[in-house]
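User: I would like to go through this protein step by step. Please answer my questions in order and show the reasoning.

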Amino acid sequence: MSRKYICIHGHFYQPPRENAWLEAVEMQESAYPSHDWNDRITRECYATNAKARLLNGDGKIERVVSNYARMSYNFGPTLLAWMIEHAPSVYSRIIKSDGESAARFEGHGCAMAQGYNHAILPLCNDRDRRTQVLWGVRDFVARFGRKPEGMWMPETAADTPTLEALADAGIAFTVLAPRQCAAVRPLGGGQWDEVGEGVDPTRAYQCNLPSGRTIALFFYDGPVSQGVAFEGLLGSGERFAARLTSGLDDARTHDQLMHIATDGESYGHHHRHGEMALAAALENIERDPSVELINYGLYLHRHPPTMEARIHENSSWSCVHGVERWRSDCGCNSGKEGLHQRWRAPLRIALDWLRDSVSPRFEKVGSSLFSDPWAARDAYIDVILDRSPASIDKYLGTFSARTLDPAERTLALQLMELQRHAMLMYTSCAWFFDDISGIETVQVIQYAARVIQLAKLTLGMDLEPEFLDRLALAHGNIKEVPDGRAVYERSVRPAMLRLERVAAHYAVHRLFGAPSDRVYSYEILGDEGIRLTSGRARLVVGHATFKSRIDFESAHLSFCALHMGDHTVSCGVRPFSGEEAFESVRASAAEAFDRADFAEVMKLMDRQFGGTSYSIASLFRDEQHTVMRSILKPALEQIDHSYRQIYEQHAPLGRFLSSLSLTVPRRIQLVGSFVLSQSLRQILESDTPDYARARELVAEAARGGIALDQQTVGQAVLDAMSRAIAPANGQLDAAAKSRSLHTLVLFAEALPFHVDLWPLQEYFLDHLRPLTDALQGKSDPESAATLELISMLGNALEIRV
């Protein structure tokens, strides 16, 4: 009888979302209440898979496990780069899990590498394909501390040159969809069997390449993979495990591998609590003596291929037409009726033109700075991974053709940044969805705009006019944004910046906040400025050096900003022209401001900072929200007061109607929902929340037939949980902490909607449950009381104590 193995692969990925100039993800309102989609999906999926809850027979949490330690997985390099800064604890668990899996699977870690920024590799030119693979490998080695055995090709898109690039980089295997298999035969020769999607997915295959190299191929089980994504298979861990084991057949004589490949986001983001179903399935499989959990590396080590496979060229897992989804209107889309994707081909043609236009000039200019500019690009991943001065010195010392002066160092780094963005602009998600105005497509056009800007700055090429003409041929579906040119003008051009706009952002920020030494990827050095206030009016006049931390471009700039008390803000920026000239402007502006002669201040700004004028619209997205909250605060407080008065006057009538089972007028319900939800939010935001009063408000809403705003109150509860378990609040002893958290849990249970208590459950499992063994061994009253409080909290959190 053959041995039976099971492997589950998760492809965890988000496209790079960073602003091309700020090197940071700005606020994305569509991800509310999270800051952005990376943040939201990390909370819903990546974090929960690192600590997935396993339930016992009574439905209580028995323990938490890392799914990553028992499944095959890959993470997009650009996602991990974001995560190490914004979700470091989740990042560390992901990295640690690979080490744990290596110990479990005889030295073979579960993590796989990925093509760097998820470009469709068969559609790349040879140079880009090579760099995408090399950067993916180098990023993996830097993070996981070992060489990758396998690599996930974005969208599993494959052709022979791509497989050659993987094999050349030392990759031993990759994973493909069953429809990507063209034919198989016994290793060593024989007649090809054109199996198509009927390929046996339970074994590894060897692909012999024209270069003489080989790479192993695993064709995943299609029906079960589809079941996870689209058929509700994650509703039950037991059913999931049973479906996996059903793919193993006693009639097969070889040692068979049942394996699936899915979007990792299925486990928690696309399917709520999908990570728990995955954890339960893995647990059930491990307990089954007839099968063994394994990963691809170990299976390949134990069972080298005995069959050879040939692939369908230019094929993928998410387009039945091959790779047409990323270059034509093939019919594959997200399912919205009445939308075309004829914009896909002109968009790719425009980007190809841009890439090919800059390459010869890049090579010529780059050769004056680098011994080999393309080899320097391949190695630039080391700078991306570590932008410290020492790392940059090492990089330039290795690849420069000679010693570079400061201006040449900046030019060299800008050339490499041009090439980095020229690859980022091919991120696959830009073509995946329905319209050219989608956020993913806007993102790659923004990267293209950065290429255009850097080409003008470093190569003396003005490529924007022709690029826009080409984008105009990419016709979309939305009247307000009819084509790619409109997308550029509406959504990309406003994001473009030079150091002057960074200075304007900083000046407006200084109107409302304290001095800072950093604005995203820019340093502010030597801020010599003043801020004056007169009632709600404010004036800032100053000068500083603004310097990019990416390419070291810098400028010494003067700035002046005026806020007259409402939403009107004016700002001017100009090159710093010396202390004497600056002091004259500062003194004149301050004198006029002290007289409340704001019109004279504006005239002075026009004279001294003529040309471009900046306003709140010039602020970067997050700061816009911060400033507008500050400006709106008095108005919102006045509105809140008015709503509260209306509610208090008419609430008794609403409760009376509700007691008679009569419909409460919609206007009373809306006002009541707003007032009570805001009151609950304010209580929960307090340093010492009054949960008794909060429960009274919940009961009041129920009696009045008023539906609380689930988004407002639910987010406030989650924020209260985070504050309650934050390290700053760690000074409470175990008894006090348990009592405080228990009160919060009881309030959450009183709400008319579900609130996920996972943050408190995680805290309990990490910090409080481990104390119970020691407490049980003590007989003093204090220990007994603490143990009882911990047990009460555990029961309320549905955790076995």
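User: Is Cys124 buried or exposed, and what is its relative accessible area?

Analyst: The model is a predicted one. A residue counts as buried when its relative accessible area is under 20%. Cys124 falls under that cut-off, so Cys124 is buried, with a relative accessible area of 9%.

User: How far is the sulfur of Cys124 from the closest cysteine sulfur?

Analyst: A disulfide is a covalent bond between the sulfur atoms of two cysteines. A pair of cysteine sulfur atoms must lie within 2.5 Å to be counted as one. For Cys124 the closest cysteine sulfur belongs to Cys429, and it is too far for a bond, at 14 Å.

User: How many disulfides does the count come to? And which cysteine has the sulfur nearest to that of Cys7?

Analyst: With the 2.5 Å cut-off, the count comes to 0 disulfides. Cys7 is in no disulfide, and the nearest cysteine sulfur is 7.1 Å away, in Cys110. Cys7 itself is buried, at 1% relative accessibility. The two values asked for are 0 disulfides and Cys110.

User: Which residue of strand S4 is the bridge partner of His11?

Analyst: Strand S1 (residues 4-12) pairs with S4 in the parallel sense, over 4 bridges. S4 also pairs in the parallel sense with strand S5 (residues 111-114), over 2 bridges. The residue of S4 that stands opposite Met112 in S5 is also the bridge partner of His11, namely Asn74.

User: Which residues of strand S4 are buried on each side?

Analyst: S4 spans residues 72-75, and both of its faces are covered. On one side the buried residues are Ser72 and Asn74, and on the other they are Tyr73 and Phe75.

User: What is the strand order in the open sheet with mixed pairing, and which strands are at its edges?

Analyst: This sheet has 5 strands in the order S7-S10-S9-S13-S8. Strand S8 joins strand S13 (residues 307-311) through 5 bridges and runs antiparallel to it, with Cys181 opposite Ile311. An edge strand pairs on one side only, and here the edge strands are S7 (173-176) and S8 (181-186).

User: In the open sheet with antiparallel pairing, which strands stand at the edges, and why is one side of each without a neighbour?

Analyst: The strand order is S16-S17-S18-S19-S20. At one end, S16 and strand S17 (residues 522-534) are joined by 2 antiparallel bridges, and Arg518 has Glu523 as its bridge partner. Each edge strand has a single partner strand, so one side is left without a neighbour in the sheet; the edge strands are S16 (518-519) and S20 (569-575).

User: What span does helix H16 reach from its first C-alpha to its last?

Analyst: H16 (residues 439-459) has 21 residues, and at 1.5 Å a residue a span of 30 Å is expected. Of these residues, 17 are buried, so the helix is mostly covered. Just after H16, Gly460 takes a positive phi of about 70 degrees. The span of H16 is close to the expected one, at 29 Å.

User: Are helices H24 and H26 roughly parallel or roughly antiparallel?

Analyst: The axes of H24 (residues 691-703) and H26 (residues 734-750) come within 10 Å and cross at roughly 5 degrees. Angles under 35 degrees count as roughly parallel. Contacts between the helices involve Tyr691, Ala694, Arg695 and Val698 in H24 and Thr743, Leu744, Phe747 and Ala750 in H26. The crossing angle therefore makes H24 and H26 roughly parallel.

Terms used: Residues are numbered from 1 along each chain as its sequence is written. This is a predicted model: local features need pLDDT of at least 70, side-chain atom pairs count only at pLDDT 80 or more; totals for chains, interfaces and linings use all residues. Side-chain values use heavy atoms; hydrogens and water are left out. Buried means under 20% relative accessible area, exposed over 50%, partly exposed in between (1.4 Å probe, protein chains only). Two strands pair if DSSP finds at least two bridges between them. The expected span of a helix is 1.5 Å times one less than its number of residues. Axes are lines fitted to C-alpha atoms, for helices over the stretch in contact, and angles run from 0 to 180 degrees between N-to-C directions. Angles under 35 degrees count as roughly parallel, over 145 as roughly antiparallel, 65 to 115 as roughly perpendicular and the rest as oblique. Contact means heavy atoms within 4.5 Å.
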